Amino acid sequence: MLFRSFTKNTDAVRNSFRANFPRKSTSDLAFVDTRASTTIGKLPGGDAGLAVGMEIRQEKINDVPDPVAQAGNILGQGITATDGSRSDKAVFVEVSLPLVKQLELQLAGRRDQYSDYGTSTTPKAGFKWRPSDWLLVRSNWGKGFRAPSLPEISKSVATFFTSVTDPEDRISKQISGVYAGNPNLKPETSMSQTFGFVLEPSKQVNLGAGYYRIDWRDVVGSTSFQTIVNQSCPNGGPGCPSTPNVIRDTTGTNGVVTVLSNYINLDRRITKGIDLDGTVRIPMEAGRLTLRSDMTYVLSFTEGGVQYVGTNGGYYTYPRIRANLSADFDTGTWALTARANYTHEYQQQYGAALGYTANPTLPYQNGALPPFVSSNTTLDLYARYQVTKNATVSASVLNAFNKMPPFDPAFSFFYDTNLYDMRGRMFRVNFKYSM
């Protein structure tokens, strides 16, 4: 009888609660490209080269979610929807000029015309100078661009669920969020400068160092939901109002329910740093041992004129140092590699933006956080075996010791989701056969 009491609804009533969530999504890309190269004369260092090319592309995206989900009638179900298309025509040219045997000059240029935002022109110049057999000096200057993707610049919407700390009562709350496309976006542009050298005192040793500076403008992104909520109630406390971008529960607790945002062109970013790398090959009777190392040391990273290097207070987290060290032993048939990955500690600034305080003498308690998030080192292992001339099997263990990301309670999942992967140890096996 108890079972029957739960089955008194008709089939029509029960079917009204069911949904199959059909979804039709298509992405089309059609393109034609052609290029040609030739020599255009002789210089003291050799033949001068010329390369030219042209590209034509047509992109379309149509992503249509189920109307039931799109109307928000499925609890906890986020959706994405995009409807856009555009064409792009580009021409480019590159010239190589060996001025003398030891010095080569490179010049290049490209022009793109997009149907949605307009045109971009990107020149580039560089040189390679080899004053001796063991030293190479090189430098490049150039401009670049990234066209906004179709979901960013066309008619699109993405809804999902996340959490923010509500300034109304400083309690973390689950909310719904909405991102929308913006047809007024400008392309991202950059100007980069690099200068470096490579030392090769022998065939077994290769050392390199380089300086870079990148000026990145009109970065496509969005203001974080937490920042939008903070801006809607800058003084905090009870009585935070609803705004066009922050919807609150005015019939109950006045807590944040939904935050609305869209893609915009963000502040200017400028970064400078030094890249170091080295390779040492050690021949052995049974094979060859190769030691490799590379490191990036970020000198500065500014967003909107504010320095964020070594902190998590910017749009992303920018550790000052990231490095890798690997050892590879190769016999021809077998190859074994171990690689250590290092990420430097960084200052806790994101927590302060959420209303936490930093206290170096206390563990995480009473809203106090350590002033720094600790460094992290993981180990990856790789193995490859040449079964036959045409067949190869390989395996890898990423994060072999299952090292968890550094504890950071300022983030919803207690680790920096912009920097680390929570999946821990992962195994992969591959088989490759070539005809």
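**Close-up 1. A nonpolar patch lies on the surface of this predicted model.** Five residues form the patch: Tyr211, Ile274, Leu276, Tyr297 and Leu299. Together they offer about 380 Å² of accessible area. Strand E15 (269-283) and strand E16 (288-303) are the elements that each give two or more residues to the patch. Ile274 sits in strand E15. Its relative accessibility is 31%, so Ile274 counts as partly exposed; the partly exposed class runs between under 20% (buried) and over 50% (exposed).

**Close-up 2. Strands E5 and E6 make an antiparallel pair.** E5 covers residues 118-132, and E6 covers residues 135-146. Seven bridges link these two strands. The connection from E5 to E6 is a hairpin of two residues. Phe127 has Ser139 in E6 as its bridge partner.

**Close-up 3. Strand E6 also pairs with strand E9.** E9 spans residues 188-202. The E6 and E9 pairing is antiparallel and runs over twelve bridges. Here Leu136 stands opposite Val198 in E9.

**Close-up 4. Eight residues make up the largest nonpolar core.** The members are Val164, Ile175, Phe225, Ile228, Val229, Val246, Val256 and Val259. Helix H5 (225-232) and strand E13 (256-262) are the elements that give two or more residues to this core. H5 gives the most, with three residues. In soluble globular proteins, nonpolar side chains tend to be buried together.

**Close-up 5. The contacts of Val164.** Neighbours within four places in sequence are left aside here. Val164 then touches Ile171, Ser172, Lys173 and Ile175, among others. Phe225, Gln226 and Val229 are also in contact with Val164.

Note on methods. Residues numbered from 1 in each chain as written. Predicted model: local features only at pLDDT ≥ 70, side-chain atom pairs only at ≥ 80, totals over all residues. Heavy atoms only, no water. Patch = residues over 30% accessible without salt bridge, like charges linked within 9 Å, V, L, I, M, F, W, Y side chains within 5 Å. Areas by Shrake-Rupley, 256 points an atom, 1.4 Å probe, with all protein chains shown as cover. Salt bridge = Lys/Arg side-chain N within 4 Å of Asp/Glu carboxyl O. Helix = DSSP H or I, 4+ residues; strand = E, 2+ residues; numbered from the N terminus. Buried < 20%, exposed > 50% of the residue type's maximum accessible area, 1.4 Å probe, protein only. Pairing = 2+ DSSP bridges. Core = buried A, V, L, I, M, F, W, Y, C linked by side-chain atoms within 4.5 Å. Contact = heavy atoms within 4.5 Å.
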